[in-house]
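Visitor: Please take me through this structure, and justify each term as you apply it.

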Amino acid sequence: MSVRRLAPPEQQPKEFAFSKDNLAWAKQQIAKYPEGRQQSAVIPLLWRAQEQVGGWLPEAAIRAVAEFLGMAHIRVLEVATFYTMFNLAPVGKVHVQLCGTTPCRLRGADELEKVCRKRIGDQMHVTEDGKFSWVEVECLGACVNAPMVQVGSDYYEDLTAESFGKVLDQFAAGKTPKPGPQIDRQLSAPVGGPTTLTDKSLYSDSKRS
Amino acid sequence: MAKLIIDGKEVDVPPEYTLLQACEAAGAEIPRFCFHEQLSIAGNCRMCLIEVVGIPKPQASCAMGVKDLMPNKDGSPKVLSTKSPMVKKAREGVMEFLLVNHPLDCPICDQGGECDLQDQAMAYGSDASRYAENKRAVEDKYIGPLVKTIMTRCIHCTRCIRFSTEVAGVPELGAIGRGEDMEITTYLEHAMTSELQSNVVDLCPVGALTSKPYAFAARPWELNKTQSVDVMDALGSAIRIDTRGREVMRILPRNNDDVNEEWISDKTRHVVDGLRTQRLDQPYLRENGRLRSASWKEAFAAIAGKLKSTSGKKVGAIVGDLAGAEEMYALKDLMTRLGSANIDARQDGAAFDPKRGRASYLFNATIAGIEHADALLIVGSNPRREAPVLNARIRKRWRAGPFPIGVIGDKADLTYSYDYLGAGADTLAGLAQTKFAEALKAAKNPLILVGAGALARKDGAAIASLAARAAVEFGAITDGWNGFSVLHTAASRVGALDLGLTPSAGGLDVAQMAAGGVELLFLLGADEVEVAPGPFVVYIGTHGDRGAHRADVILPGAAYPEKSAIYVNTEGRVQMASRAAFPPGDAREDWAILRALSDALGHTLPYDSLSALRQALFAAHPHMMHIDQIAPADAADIGKLAKLGGTPDKAQLASSVADFYFTNPIARASAIMAECSALANAAAKHSPLTAAE
């Protein structure tokens, strides 16, 4: 954790307005809550605003959400600075969230971090072409497939330095790599096929009573 | 009632009490940082930990209710301890954690000597530090010209945030970031806009928020503390004036639950520098169109010379907004002796008449009574600007539950939501047809708040009558409740009306005197009137303001911290201001000036001391004797006022205060008030930030 600040003014767009689709969606979110409790929708709205802007929250978006929900500006800023999932500065088109919590560390997140530093640079640094940035995050809940990274809403799991490099290569080429385990494995099932309950007779009719 | 045994002492407390209140009822002292009686409970500082026998861990007493305790199986009372070894150790631990990131800069900290953290570290902390790592450092924030921030000292109690959100009603302060990196700030470091913002300085238990104008000015132990009352508005908030030598260093609030609770407005607090600048410290005399300094003798001789050629009927006096009862009484006495009926204290020309009864000009519901009201109609007033502390009381009531509020007049941000009914007197006349009338009718204790601005116009009497009619019509006058309440803006006004400082039969009022209806005009601190060329003007006052510029003779008087005087606040509460300092230079207390002047004019007033003057005052007006009390007013006067009738014109009802920071000569002389005013005017151009919470 560290002190989080809004991006410097020269990076800030002047205006923000929800797109037509997002506005309809936002109204739907607010309608979920009883009258006078529309402030409860602040996190979904900020999240959608971040998506719309391209992965980060400009000050104008914070202000717009506050006015949309009838909240004081500072109240929304509190929320935006509290949650690290809100990026306060621009990120690359491919924003890599690298899990750095214990299970991933034990399974080789250090190697992935070296790849990030070599290919992208420091955390929250955007490459010159505007394509890549990365950040270390806390546990993303995919410990079975450690180490892993998240890009957009996809998980890339069971990575090695080499396979992670390939994933980045494909992103660099403008393609979207196949999400999920990057080794021969079905989701989070055991590597190399099932290891328990393999006795076929378990499934024969004779065992049923 | 619930029985508890606290530190071996059995107490009976209501079940809605918190454990902290219960412990205090048992006489135990509980340290705290985040807890404050007037704010919501946060429970985040953990300093108030106590032991509840049966619960293995120490409990935050501020956040746990008596009724939350699980009863003992055998029905015996729960046992609490505030002094056990466990509590001692827990507090030491909490204190150690609080001090981990707190700088050791007490020697250069303005809070030093009156710091909760300092005091409680002495009382409840451990004697040595085990901490060897680096401390956190936090960037200081700009949050306005009144509050200085040294954010490294912040212990995250969030009192300031809760105050601005709950009491001030302008949610500008917030905590960004989280955990150790949490920082208190305003949105993008904008200046705060609340008129009550400086109270966060008092609330801050450490030196993170301190007073900017008072920075590095004095240490608390070198100050003389005088309890007094404020005159910046008509509330008469309880204040403490701190002086060093003959200089007023700062003004702090005192607790008075009947009036200001524990808040004061920024004007009350920061007008201090206005007491030093633009002061009149010697008599002046106008010669050949220019003012020159003179001796008292010369000044008096000039006035006596003028009086000789003037008949009593052509002498007049206008009393200003900051005058105490003593000097007003002395002035009236002097005018009577000079044979003049021309005396008026209503600089704004407001249609108050003592003959219509005291109830017709008092805030009859009382300030504390606002909390018993269940509907409010505001007529021609902006209480946020006219009396911010009273506005905070209205907001407190509004937050407490259903409280329909209707406003006729200015459509302003009052920090609470209201039904806007209209701008003119016709709305008031046709109130029964509005939807809001139902809310008023349904209310048991409706409150009709009438601003002084609504009555300070030609048709003022008609509007007062209309408001009184509404009060009678909607049941605001019942046994035990009088909801007809006038919010004055001048500290001297109610006292002046009590003393009858309005022109008696054949006398001229303020407008007629100022227009030149008299030849010799005394201004007792009257700076809000423009006197036409013609009359010989004698100005008795404190500052080189409008009155002094027009004056032919200036007699330098004493400002409110420099004299002992009686003030009657808007609800009719008689209060005494005490002398904390001395007037500068040759300036004298106003009553003494009048006494000396009367001698020079050959109509000597029969009192040689302040106590003799007070005796005469009390003999004539016995209710002035009862300090801190409200002499009951006759509610039947409201009915008579209602019958007065009259036709109001079509003009909009407006507040009498256009600029909160510039309402009197002391405030106008203050550089800090000027800065605040400029900021407020600039902020008014931007969109309002506030949101109802």
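Guide: Between chain A and chain B there are eight residue pairs in polar contact, with both residues at pLDDT 80 or more. This is a predicted model, in which local features need pLDDT of at least 70 and side-chain atom pairs count only at pLDDT 80 or more, while totals for chains, interfaces and linings use all residues. Residues are numbered from 1 along each chain as its sequence is written, chains are lettered from A and ligands numbered from 1 in the order in which they are written, and side-chain values use heavy atoms, with hydrogens and water left out.

Visitor: What makes a pair a polar contact?

Guide: A pair of N or O atoms must lie within 3.5 Å; within protein, one must be able to donate a hydrogen and the other to accept it, and residues adjacent in sequence count only if both atoms are side-chain atoms. Eight residue pairs between chain A and chain B satisfy this. On the side of chain A that touches chain B, α3 (59-69) and α4 (73-82) of chain A each supply at least two residues; the largest share, seven residues, comes from α4(A). Helices here are DSSP runs of H or I with at least four residues, strands are E runs of at least two, and both are numbered from the N terminus.

Visitor: Why is the pair B:Glu139 and A:Arg5 called a salt bridge?

Guide: The term requires a side-chain nitrogen of Lys or Arg within 4 Å of a carboxyl oxygen of Asp or Glu. The closest N and O atoms of B:Glu139 and A:Arg5 are 3.3 Å apart, so the pair qualifies. The rule finds two salt bridges across this interface, and 57 over all chains. Within chain A, A:Glu78 and A:Arg75 also meet in one, at 3.0 Å from N to O; being three residues apart in helix α4 of chain A, they are separated by about one helical turn.

Visitor: How do you know how much area chain A and chain B bury between them?

Guide: Buried area is the accessible area (1.4 Å probe) that two parts lose on being put together, summed over both. For chain A and chain B this gives about 1,700 Å², 55% of it on carbon and sulfur atoms. A:Arg5, A:Ile74 and A:Arg75 supply 31% of the area that chain A buries against chain B, more than any other three residues. The contact (heavy atoms within 4.5 Å) takes 20 residues from chain A and 21 residues from chain B.

Visitor: What makes β3 and β5 of chain B a pair?

Guide: Two strands pair if DSSP finds at least two bridges between them. Strand β3 (residues 49-52) and strand β5 (residues 78-81) of chain B have two bridges, in the antiparallel sense, so they meet the rule. One of the partnerships joins B:Val52 to B:Leu80. Their open sheet has the order β2-β1-β5-β3-β4 (chain B), with mixed pairing.

Visitor: Why are β2 and β4 of chain B at the edges?

Guide: Each of β2 (9-13) and β4 (59-60) of chain B has a single partner strand, so one side of each is left without a neighbour in the sheet.

Visitor: What is the pairing in the sheet β19-β18-β17-β20-β23 of chain B?

Guide: This open sheet of five strands has parallel pairing. For instance, strand β17 (residues 375-379) and strand β18 (residues 405-408) of chain B pair in the parallel sense over four bridges, with B:Val407 as the bridge partner of B:Ile378.
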